[in-house]
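Q: Please take a close look at one part of this assembly, the strands of chain B, and then place that part among the contacts between the chains.

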Amino acid sequence: MKSTAVEASNYSDTKGKKAQKPKSLWGHAWTQLSRDKVAMLSLTIFALYTLVAFLSVTGLIASDWKNEVGLSYGVPSRDHWFGLDIFGRSVFAKTIKGTEVAMSVGFVVATISACIGIIFGSFAGFYGGKIDELIVWFYTVVSSVPNIMLVMAIALISGKGIHSVYLALGLTTWVNLCRLIRAEVIRHKDREYVQAAAAIGGGDFRKLFKHVLPNVFHIVIINFTLTFQIAIKSEVILSYLGLGVQGRPSWGVMINDAKLELARGYWWQLAAATFAMFFVLLALNILGDALRDSLDPKLKGK
Amino acid sequence: MPSVLLTSIVVLFAITSCFKKDADFQGKELNIAVKAQVKGMDPIYSDDRYSSTEVARVYEGLLEYHYLKRPYQLQPNLAEAMPEVTDNGLTYTFKIRKGVLFHDDAAFPGGKGRELVAEDFVFSLKRLSDPKLLGNGWWTIDGKIKGLNEWREKYNKLPQTDYTEEIEGLRALDKYTLQFKLTKPFPQFLNVLAMPFASAVAKEVADKYGKELLNHPIGTGPFKIKNGVFRQSNRIEYLKNENYRKKTYPCEASEEFSKEYLKDCGKQLPLVDRLTSHIIEETQPRWLNFLKGKVDFVEPDKDNFEGALPTGNELSPDLKAKGIQLMISPYLDITYTALNMELDLFKNNKKLRQAMLLAYNVNESNKLFYNNTGIPAQSVIPPGLKGYSKDFQNEYRGAGKAEQIAKAKELLKEAGYPDGKGLPVITYNCTSTTDAKQIGEFFQKQMAQIGINISVIQNPWPRLQEKIKNRQVMTHGIAWGADYPDAENFLQLLYGPNRAPGANGSGYDNPVYNKMFEQVAVMQDSPERTALYEKMNKMIAEEIPWIFGVHRQNTGVVHGWVTNFVQTDFEPGRSAYLSIDVEKKKALLKGL
Amino acid sequence: MNIYTYILRRLLYIFPVIIGVSFLIFILFNVVCPDPTLIMLGKHATPEQMAMLRTELGLDRPLWVQYFDILKSAFTFDFGRSWNTKQEIFQMIKNGAIPSLTFTVPGFIFSTITSLSIAVVVAFYRGKFLDKFFVVICVSMMSISSLAYILFFQWFFAYKLGMFEISGYEDGFPYFIPYVILPIIIWIILSLGYDLRFYRTVMLDEIYQDYVRTARAKGLSERVILFKHVLKNAMIPVITYVVIQIPYLILGALLIENFFGIPGLGSLVVDAINSNDFGVLKAMSILTSLAFIFFNLLSDVLYTMVDPRVRLK
């Protein structure tokens with residue numbers, strides 16, 4: 001399948017533009033974002049999904065998804081909004097439970113990927129020289145091997161289940177962020193304020209964390225929304241290949257189950273998972289766009 | 001943009017109708033759906049069900065199973081008659097059928113297939129044993145034929161295998177006489193000869209193509225592959241073998257087959273002109289293609305049962321109206337949870353084992369996982385084999401009754417674990433598929449009823465095998481399908497010396513049972529042998545080294561235009577007997 | 001730095017990358033993965049046979065020899081035979097390449113042309129209703145799982161409406177056409193969103209460049225600016241984007257191919273995953289990495305040729 005990698009590189013970021021003072025950047029961004037109604041709606045939707053996922057983790061809702069509540073493949077009705085599945089379980093409850101999996105996959109994968117990307121990217125950009133060459137070589141190698149092979153190998157080694165999904169996707173999605181961060185750090189590290197800080201006498205780490213990283217953080221945020229979506233979508237493919245989440249409903253598993261159901265006219269499981277996924281991905285996409293518009297210094301004040 | 005898309009779709013749609021390859025074919029054509037990729041067509045590698053079925057369309061062996069007789073009965077195929085067995089069951093002498101021709105191929109002089117001779121079987125079996133080729137079917141004759149293991153051992157170390165070296169137990173006495181000498185009596189040897197592994201391969205073909213024989217299936221069978229070359233793709237096309245020897249449709253059948261099955265009696269095989277195997281790995285397209293009539297029959301997957309068979313053993317009315325028929329026949333298999341009998345916990349604790357079996361509700365598992373089509377297992381031997389007794393009920397067979405749970409609790413108490421107290425957490429190992437996990441969780445639930453704690457561990461298949469072989473499992477869920485239709489194939493799963501890394505995964509080792517097995521394994525088919533089989537079966541039912549599951553059933557749905565269709569455990573060879581009612585197909589297709 | 005030195009340097013960089021790729025593959029499949037002989041022999045495995053098989057596969061040799069075998073295969077393309085099918089791996093891959101290309105290439109061309117033309121229109125009406133409309137459409141298309149598209153389209157268009165073949169493939173032009181139309185359509189839908197979004201960003205980036213402002217100040221009409229200047233300059237990122245995507249076309253599509261029964265490289269990979277066929281997985285990893293490296297190089301070189309500024313960095 002086509003990767004989103006290229007699109008993510010958002011090449012406008014890599015071209016030099018004037019630096020902004022951190023505070024005004026974030027402040028300005030928030031003002032702009034809060035003015036955009038669609039973006040705020042997306043943010044709300046995203047927050048709602050997070051809330052649902054959180055409630056589901058704590059067992060407050062949908063903890064009874066395993067229970068048989070009616071006949072096998074009951075059609076959607078007032079009692080069961082999204083109908084019932086093969087074992088007579090509520091598709092609605094499964095969708096909620098699936099939200100938990102999807103959001104956790106999104107969060108964990110995006111976090112892992114962000115951590116690796118920031119560490120490698122900033123070290124490469126900041127220290128340059130041999131370290132830079134080594135890291136560039138490493139991410140060129142990792143990005144050259146098709147992700148699916150890495151994922152497959154990781155799943156074989158660490159067994160199947162949600163942890164493998166976290167690990168496999170987290171370890172394969174960091175390259176783009178790393179590349180972007182590296183380019184940004186290179187641009188920033190010779191700026192006057194960083195130089196000034198160095199003159200006052202700050203260690204390397206201090207310099208890196210205090211002055212350089214805050215200036216590249218908008219890339220991390222934008223990339224986070226992107227990786228979040230990629231992770232949610234990839235979970236479906238992994239489920240299809242039998243490498244996905246085990247023993248609990250996820251959207252991927254539900255869509256995958258639908259391959260046996262649609263031909264018989266049982267469309268609700270496919271529809272429920274697809275729409276659940278659709279709204280959160282749509283929200284993330286719009287949010288990502290809006291964030292980029294408001295955070296990217298270049299597009300600002302157009 | 002949507003309009004551009006739409007127009008192009010319509011235009012493309014119009015064009016496509018002109019691109020159908022030979023859409024006007026009028027003869028009889030079978031379209032078969034294959035569920036998994038077909039690896040290649042070399043008999044010695046055909047160890048999975050799908051490849052061996054394809055191999056058997058082109059290749060044939062000495063023996064085969066009668067198409068319409070149950071329990072399965074061997075009959076000569078390339079042999080002229082059943083062999084003469086002498087020397088206390090150690091020597092088997094076959095007469096080979098005369099005038100059988102190989103398919104035409106450039107490997108033969110003049111491109112014309114030559115006549116089959118006894119030497120071809122000597123060559124083919126040596127090829128199966130060749131240490132350089134590592135055929136997947138070696139286990140079928142491993143240690144059985146005099147001199148063969150030594151031959152394999154010898155050439156394993158040398159760079160080149162010498163096929164001309166004579167082997168004592170595998171010789172062609174003359175052009176049409178073949179003789180096997182076995183190392184010990186092994187009555188199931190005849191079953192082995194009916195497997196696709198032991199098909200006749202011509203030396204010329206093997207010499208010419210070497211390892212690529214995989215893609216040049218040249219046999220003596222009823223069909224030949226189109227263009228003489230197999231290519232791994234999504235379809236395999238076969239044509240009727242015009243030079244096929246005289247082989248006709250059977251004129252007698254077991255009583256479970258209706259008169260309809262004998263309509264083609266005496267007709268020359270194969271009954272169709274063309275055969276196409278469509279490899280469709282995904283369930284949705286396979287089912288949709290069936291509903292459209294593009295393939296003639298399918299086996300619905302576990303989850304597809306629901307739609308096709310709402311009650312478990314009857315088709316839904318809309319499918320019936322389309323002339324679709326349902327065929328059910330038992331598989332020769334058993335699902336079970338093996339207990340590690342090398343652990344003191346299980347070994348010295350028959351009451352614990354009995355309690356576990358009592359607590360396991362087999363009916364519920366049958367309903368959940370096999371759509372109620374399975375047959376609850378009472379012991380190891382499945383129905384359809386001699387040694388299975390229809391009326392036998394295992395008194396410890398749990399079926400979800402309250403008194404059974406009570407009795408299980410009682411037994412557990414007697415075993416020293418009242419309400420499971422004092423028992424460690426018992427691990428249950430299974431593969432990583434969803435089904436396996438669900439079955440594991442079901443087992444967990446059932447055992448929890450009497451206070452036994454189970455933890456389910458999923459493993460990738462190779463890791464599970466490794467763990468079983470290294471005895472690192474407490475219990476594991478697994479199934480066994482028959483290699484050949486003889487109860488011996490099931491009873492050997494509990495024979496002590498077969499302990500892991502052999503097939504005996506539970507490590508059950510009982511001197512009394514072992515002795516009985518050694519005795520029965522060398523007996524020719526006889527009422528005494530059947531009686532002994534039954535005795536052993538009942539002994540295991542009481543010993544309970546496994547938590548028995550079910551014997552699964554094979555379910556097929558077939559379009560009305562297919563005739564002579566039977567469900568069989570030994571699918572290879574079936575396609576020659578199937579036929580198509582062309583008129584009926586035309587009529588029925590309109591209603592799809 | 002002159003351009004030839006740059007190209008030479010980039011070319012030489014291939015070697016460390018290939019060494020790294022083969023090492024990664026070696027670690028994953030030869031060192032940490034479970035014993036493959038058990039998978040291959042199945043229920044009738046005996047220790048004796050496993051030992052023989054290990055010898056046959058070369059798994060009993062020292063690890064560094066196994067590593068050099070992988071590294072060597074990146075240059076000789078001799079991947080040996082598949083563990084599962086016993087077929088020659090290179091032959092399997094050759095057989096699979098064409099069927100994949102028969103639907104990915106038309107899909108790719110169509111998607112690129114459509115999204116590029118829409119991007120121009122959208123750039124022209126930027127910020128207006130039409131722009132927002134297309135952005136919402138393409139974002140929506142991206143927000144649905146590919147598996148859902150495949151399942152629904154196959155069931156609805158191919159089965160319910162009977163417009164296309166449900167699945168299958170026929171070798172040779174033009175016989176494959178009826179089988180690939182639906183896969184092409186799905187491919188387009190899956191990539192249109194990403195493509196359009198990228199091209200829109202490219203066009204907008206150009207539009208805010210200084211030269212556009214100058215041109216506008218000179219009184220040139222928006223239409224002329226767009227087609228004469230912006231589009232011309234935007235071609236650089238467009239071409240590099242296109243080139244970078246070529247390896248994906250060869251790799252095919254895992255799900256589409258499996259559902260539509262196209263015997264391409266995507267379904268080859270799915271089969272290999274399902275049967276733990278490490279040989280095929282290793283070969284596919286190496287070949288696709290080579291393709292990635294090559295086309296990345298090509299795109300870099302193209303970029304440098306048209307935009308010399310890049311080299312100086």
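A: What follows goes through the strands of chain B and then turns to the chain contacts.

The model is a predicted one, and the description below should be read with that in mind. In chain B, five strands form an open sheet with mixed pairing, in the order 16-15-17-13-18. Strand 16 (454-459) and strand 18 (546-548) of chain B each have a single partner strand, so they stand at the edges and one side of each is left without a neighbour in the sheet. From one strand to the next, the twist averages 30°. At the strand 16 edge, the partnership can be followed residue by residue: strand 15 of chain B, residues 426-431, pairs with strand 16 of chain B in the parallel sense over six bridges, and within this pairing Y428(B) has V456(B), in strand 16, as its bridge partner.

Strand 7 of chain B, which spans residues 177-181, can be described in similar detail. Two of its pairings are antiparallel: with strand 5 of chain B, residues 91-95, strand 7 of chain B shares five bridges, and with strand 6 of chain B, residues 170-174, it shares four bridges. On the strand 5 side, K95(B) stands opposite T177(B), while on the strand 6 side L170(B) has F180(B) as its bridge partner. The link between strand 6 and strand 7 of chain B is a hairpin that runs through two residues. The two faces of strand 7 of chain B can also be told apart, since L178(B) and F180(B) make up the covered face, whereas T177(B), Q179(B) and K181(B) make up the uncovered one. Read together with the pairings, this places T177(B), the residue opposite K95(B), on the uncovered face, and F180(B), the bridge partner of L170(B), on the covered face.

Elsewhere in chain B, A521(B) belongs to helix 17, residues 511-521. There are 17 other C-beta atoms within 10 Å of A521(B), and it is therefore partly exposed. Its separation from Y261(B) is 260 residues in sequence and 35 Å in space, taken from C-alpha to C-alpha.

Turning to the contacts between chains, chain A meets chain B through 14 of its residues, which are in contact with 15 residues of chain B. On the chain A side, these residues divide into six nonpolar, five polar and three charged.

Chain A also meets chain C, where 48 residues of chain C are in contact with 41 residues of chain A. Several helices of chain C give two or more residues to this side, among them helix 6, helix 8 (177-207) and helix 10 (222-251), and helix 1 of chain C gives the most, with nine residues. By class, the side of chain C that touches chain A has 35 nonpolar, 11 polar and two charged residues.

One helix pair shows this contact in detail. The axes of helix 12 of chain A (residues 268-295) and helix 6 of chain C (residues 129-142) come within 9 Å and cross at roughly 130°, which means that helix 12 of chain A is oblique to helix 6 of chain C. The crossing is right-handed. Helix 12 of chain A makes the contact with L282(A), N285(A) and I286(A), and helix 6 of chain C with V139(C), S140(C) and M142(C). Sorted by class, the contact between these helices has four nonpolar, two polar and no charged residues.

Notes:
Residues numbered from 1 in each chain as written. Chains lettered and ligands numbered in written order. Predicted model: local features only at pLDDT ≥ 70, side-chain atom pairs only at ≥ 80, totals over all residues. Pairing = 2+ DSSP bridges. Axes fitted to C-alpha atoms, helices over the stretch in contact; angles between N-to-C directions. Contact = placed C-beta atoms within 7 Å. Nonpolar A, V, L, I, M, F, W, Y, C, P; charged D, E, K, R; others polar. Buried ≥ 20, exposed ≤ 12 C-beta atoms within 10 Å, placed from the backbone. Parallel < 35°, antiparallel > 145°, perpendicular 65-115°, else oblique. Left-handed = near helix turned anticlockwise from the far one by under 90°.
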